[in-house]
Amino acid sequence: MSTLKLLGIEENQLLMGYSVGRLINEAVRRGEGTLTKDGALNIETGQYTGRSPKDRYIVKDELTKDTVAFGKTNLPMEPQVFAGLLGKARAYVKEKPLYLIKARAGADPKHSLRINVLCEDAAQAVFSKQIFLKDEEREGLEADFTVVALPNLKAEGPADGIHSEAFIVLNFTERLVLIGGTKYSGEIKKAVFSLMNYLLPAEGILPMHCSANMGKDGSVALFFGLSGTGKTTLSADPKRLLIGDDEHGWSSSGVFNFEGGCYAKCINLDPEKEREIYDAIRFGAVLENVVVDDNGHPDYCDGSLTENTRCTYPLEFIAERAEEKRGGHPSTILFLTADAFGVIPPISKLTREGAMYHFMSGYTSKLAGTERGIVQPETTFSALFGEPFMPRCIEEYAHLLGELIEREETEVYLINTGWSGGAYGVGQRTPLKYTRLMVDAALSGALSEVDYVKDDIFNLAIPTAVSGVPSELLHPEKSWKDPKSYQETAKELAERFKANFSRFPNVAQSIVGAGPF
């Protein structure tokens, strides 16, 4: 049975082939949003201004019961519960006009997923058209997966066998994603990311929550990190070509973007420090939950609706970009963390085993607004720097990374974009200008020419010098006023690393030994 028949949707319900401009006009006409002075569509998403992890499920059936790592992250849903939600969706969409966006995920034609996105709201249709790769020329209505976004369809929580009125359900057997009750567009994006993360490892391809760019010489760099750690900001470098800002695959041919657009946080967006992002917010872009005055001027410093303000725009809005959204094998990988303890060095070099350890740890501090209920930075370990979107076992992805960096002789660095001189509330966030200098040194190969010293708590190799960066900043202990307080705080975090890594009892000792002492 085709997905449309499964949903009870007739072809005459589908609004197809609409341009971005027409969809924006539809969104404004329907009262879904307004235009800023620069022509961007600004929308408010109401109650849900971030992802809702407790409302995200994967249907557990014969296909997934042994291939998905079900648990607190990948919440299982029984097929009969899904059937109930599907019945609600069928009744809801009966005779309802739906915008159809034909798109693709995966810029490598050999590993590309055809997707149909059916949207109740024109604003989410604009988002889908701009965030995914274009596929309007595809004939017919068949696709590999269908995503249905019905933000105004609310469930009845426990009465429907789920947590709340919102639901994001991935059904790999039916090749369907069903989203309801939330207007937060990031759920659409991350659902498709999760599809790729489940499918690609079976082909020997590593799916990655990272941004990627390329030097004028063709050298590729990857930037891993959770929202708010600086992936988008640091990869949007005017000296390099942007491949993509969030989701990529690493195959035997190299790196390829999953998407056709960017989904950047824009709280405190600075036109001087982040010019590429600032200039991309124009007609065709979508703003989420940004406060705009009566004259259409956005206030990017106003987080009264949420700290998780977002902007979506096609990659073509970035002047310095890789046209094919692909590149060769990465010569450098940067793991980004925002350490609220203020004790992780701002830059350190990792061995292969160290890279696997920190990849599996995925340490950072979740920043305000990234998820519902987060109002202060919270220490977290999110394996692979994106565990909520990784359906398979963590070890499977880490094994692929280890093989690839060894084969391609890729250098890996851990970058702390978080605090120094003290923990959050006492110290200060590492200045962006210094982080950029450290990133530039890593990408240029300059750090291959310097000496390193071993951190005696975190087992990290710290460069003795980085051009333009104060030497005391490189060694966290030197930037703290109270060395004893630093030691106590650092040892506390090291113990948290060890406790977290105990969830991987079958990992090789060489990897465990690459972590904190």
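Let me begin with a term: a polar contact is a pair of N or O atoms within 3.5 Å, where, within protein, one atom must be able to donate a hydrogen and the other to accept it. Please keep in mind that the model in front of us is a predicted one.

With that term in hand, we can turn to E32, which sits in the loop between α2 (20–29) and β2 (34–35). Its side chain is joined to the side chain of R30 by a polar contact of 2.7 Å, and the side chain of E32 also reaches the backbone nitrogen of A123, again at 2.7 Å. Is E32 buried or exposed? Its relative accessible area is 17%, and because buried means under 20%, E32 counts as buried. Setting aside residues up to four places away in sequence, E32 touches A27, I43, D121, A122 and A123.

Next, the nonpolar cores. In soluble globular proteins, nonpolar side chains tend to be buried together. Here the largest nonpolar core has 102 residues, and those touching the most other members are L222, F224, W250, I333, F335, F359 and F458. If we leave out neighbours within four places in sequence, the contacts of F458 include V343, I344, A490 and L493. There is also a second, separate core of 28 residues, with L75, V81, L98 and L100 among them.

Finally, some backbone angles. Most residues other than glycine have a negative phi. N289, however, has a positive phi of about 60°; N289 lies in the loop between β18 (286–288) and β19 (291–292), and it is buried, with a relative accessible area of 2%. K325 likewise has a positive phi, near 60°, and this residue is found in the loop between β21 (310–314) and β22 (326–327).

Notes: Residues are numbered from 1 along each chain as its sequence is written. This is a predicted model: local features need pLDDT of at least 70, side-chain atom pairs count only at pLDDT 80 or more; totals for chains, interfaces and linings use all residues. Side-chain values use heavy atoms; hydrogens and water are left out. Helices (H or I, at least four residues) and strands (E, at least two) are DSSP runs, numbered from the N terminus. Buried means under 20% relative accessible area, exposed over 50%, partly exposed in between (1.4 Å probe, protein chains only). Contact means heavy atoms within 4.5 Å. A nonpolar core is a set of buried Ala, Val, Leu, Ile, Met, Phe, Trp, Tyr and Cys residues joined through side-chain atoms within 4.5 Å.
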